Amino acid sequence: MDGVLLDTNILIDVLRSYRKSRPKNKEHAYNSKKAIGLVNWLIDERIIRYISCHTLKELLQYPHISRQEEERIINLLPTFYRILPTTSKVSHIAGILSRQSAEYRDYHIEDCYIAATAITFKLPLYTRNPGDFKYVPHPDLEILVPYKYQPETEY
């Protein structure tokens, strides 16, 4: 499959850019700017953008999410990103990864499914937090960090 799988943190950065309130700090502002640049580049290059259905779940799970933000997630994301389902193959790979790592099993189950989605659909995974996927290295999991905030960075 051609394209890239975007991790939840990339989508959080994109969604922050649509909020009317100002970013809480320089890191949020920097990350939002870089995420929008990344998505625009992917669109310009005609690279298909995918997200896991587990990313959608993660974006909607926070208790203080506004109705407006929820509508933006439900209505906006599918226009820019194709949402990949949890198939039996994704579940199988996630189960094996989880079995091999208590971290995946107990604390990072969504990351486990996102990794399994990238592996199953043979997509590179774009994330700001590669450490979330370190628990069970997999030869078919390609992690790319498209941007990283540096405190001394000016923008």
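**Exercise 1. Determine the strand order of the open sheet in this predicted model, and identify its edge strands.**

Solution. The open sheet consists of 5 strands, arranged in the order E3-E2-E1-E4-E5 with parallel pairing. The edge strands pair on one side only; they are strand E3 (82–84) and strand E5 (143–144).

**Exercise 2. Describe how E1 and E2 pair, and state which residue is the bridge partner of Leu5.**

Solution. Strand E1 covers residues 4–6 and strand E2 covers residues 49–52; the two pair in the parallel sense over 2 bridges. The bridge partner of Leu5 is Tyr50, in E2.

**Exercise 3. State which strands helices H3 and H7 touch, and at what angles the helices run.**

Solution. Helix H3 (residues 53–60) packs on the sheet and touches E1, E2 and E3. The direction of H3 makes about 65° with that of E2. Helix H7 (residues 109–121) also packs on the sheet, where it touches E1, E2, E3 and strand E4 (125–126). The direction of H7 makes about 170° with that of E1.

**Exercise 4. Locate Thr87, classify its exposure and list its contacts.**

Solution. Thr87 lies in the loop between E3 and helix H5 (88–100). Its relative accessible area is 28%; because partly exposed residues fall between the limits of 20% and 50%, Thr87 is classed as partly exposed. Leaving aside neighbours within four places in sequence, Thr87 is in contact with Thr120 and Phe121. The side chain of Thr87 also reaches the backbone nitrogen of Val90, at 3.1 Å. Finally, Ser17 is 70 residues from Thr87 along the chain, and their C-alpha atoms are separated by 32 Å.

Note on methods. Residues are numbered from 1 along each chain as its sequence is written. This is a predicted model: local features need pLDDT of at least 70, side-chain atom pairs count only at pLDDT 80 or more; totals for chains, interfaces and linings use all residues. Side-chain values use heavy atoms; hydrogens and water are left out. Two strands pair if DSSP finds at least two bridges between them. Helices (H or I, at least four residues) and strands (E, at least two) are DSSP runs, numbered from the N terminus. Contact means heavy atoms within 4.5 Å. Axes are lines fitted to C-alpha atoms, for helices over the stretch in contact, and angles run from 0 to 180 degrees between N-to-C directions. Buried means under 20% relative accessible area, exposed over 50%, partly exposed in between (1.4 Å probe, protein chains only). A polar contact is a pair of N or O atoms within 3.5 Å; within protein, one must be able to donate a hydrogen and the other to accept it, and residues adjacent in sequence count only if both atoms are side-chain atoms.
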